[in-house]
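Trainee: Got a minute to go through this structure with me? I'd like to know what to make of it.

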Amino acid sequence: MNWDEIESMPVEKPRENGREDHRVASETYDPHLDRDEKIRLLVRSLLIVLGQDPDQSGLKGTPDRIARMYTELLSGYETNVETLVNGALFDVDYGEMVVVKDIEYYSLCEHHLLPFFGRAHVAYIPGKQVIGLSKIARIVQMYARRLQLQERLTQQVAAQLQEVLQPQGVAVVMEGTHLCMAMRGAKQHDARMRTSAMLGRFHDELALRAELLQQLGPAPM
Ligand SMILES: [Zn+2]
């Protein structure tokens, strides 16, 4: 649906200045407006199309709050991996599995722009280097703060660790509760999704994968 169609949609409670309000959406094409201002205009339009009065006291600040919120929730697009890792790689002579469990993450599903959240578990077998613990959480966060699918998020974290660490193997297992599933549609409040990405030795060696999954415990279904 394009903006012309949205703007021609009937509004449940038309307001006196309704026509003016409806024009704000098209102003978002103005190249002189910054992104926050465009989001404010779009949210205002959305509220009107939903039959709401965007000037009532509760909604007055909403477009601005949402603009600032998306800047924060989608900051992962602007994060630079090199700055993030900032040299926190250390040479070691350690060939055993490193497991980091229960990294909390919050993301937005790209299908509904609703949150999904849960825990990520990361394991790797070092090549020549290990990485600072907090950096793994930051890499998870960098990809979580984008519009995502849990499957892709899981793969991106694994691929990034593979690139940064050059390990013998890396595994990422993520568990997620999806509000788009809990609040609407199937209304499965307790259903959680588990996704995994296995690279290198975790991909090739069944025993290693089994050892990891045993360490992580049963799937939370
Ligand atoms: Zn969704």
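Mentor: Let's take confidence, then the sheet, then a pair of helices.

Trainee: Okay, what's the mean pLDDT of the chain?

Mentor: This is a predicted model, and its mean pLDDT is 88, with 86% of residues reaching 70 or more.

Trainee: Which elements have the lowest and highest mean pLDDT?

Mentor: Helix α2 (residues 18-23) is lowest at 49, while strand β5 (residues 147-148) is highest at 98. Over residues 11-21 the pLDDT drops below 50, and that stretch has nine contacts in the model beyond near neighbours in sequence. Where pLDDT is low, don't read the predicted coordinates in detail.

Trainee: Switching to the sheet: what order do the strands come in?

Mentor: The order is β5-β2-β3-β6-β7, five strands in an open sheet with mixed pairing. At the edges sit β5 and β7 (192-200), each pairing on one side only.

Trainee: And how many bridges join β2 to β5?

Mentor: Two, and those strands run parallel. L108 stands opposite L147 in β5.

Trainee: Which strands does helix α10 touch?

Mentor: Helix α10 (residues 206-216) packs on the sheet against β2, β3, β6 and β7, and its direction makes about 40 degrees with that of β6.

Trainee: Now the helix pair. How do α3 and α4 cross?

Mentor: Their axes come within 8 Å and cross at roughly 130 degrees, which makes α3 oblique to α4. The crossing is right-handed.

Trainee: Which residues make that contact?

Mentor: Among them are I39, V43 and L47 of α3, and I66, A67 and Y70 of α4. The contact residues divide into seven nonpolar, two polar and four charged.

Terms used: Residues numbered from 1 in each chain as written. Predicted model: local features only at pLDDT ≥ 70, side-chain atom pairs only at ≥ 80, totals over all residues. Axes fitted to C-alpha atoms, helices over the stretch in contact; angles between N-to-C directions. Helix = DSSP H or I, 4+ residues; strand = E, 2+ residues; numbered from the N terminus. Parallel < 35°, antiparallel > 145°, perpendicular 65-115°, else oblique. Left-handed = near helix turned anticlockwise from the far one by under 90°. Contact = placed C-beta atoms within 7 Å. Nonpolar A, V, L, I, M, F, W, Y, C, P; charged D, E, K, R; others polar. pLDDT = per-residue confidence, 0-100. Pairing = 2+ DSSP bridges.
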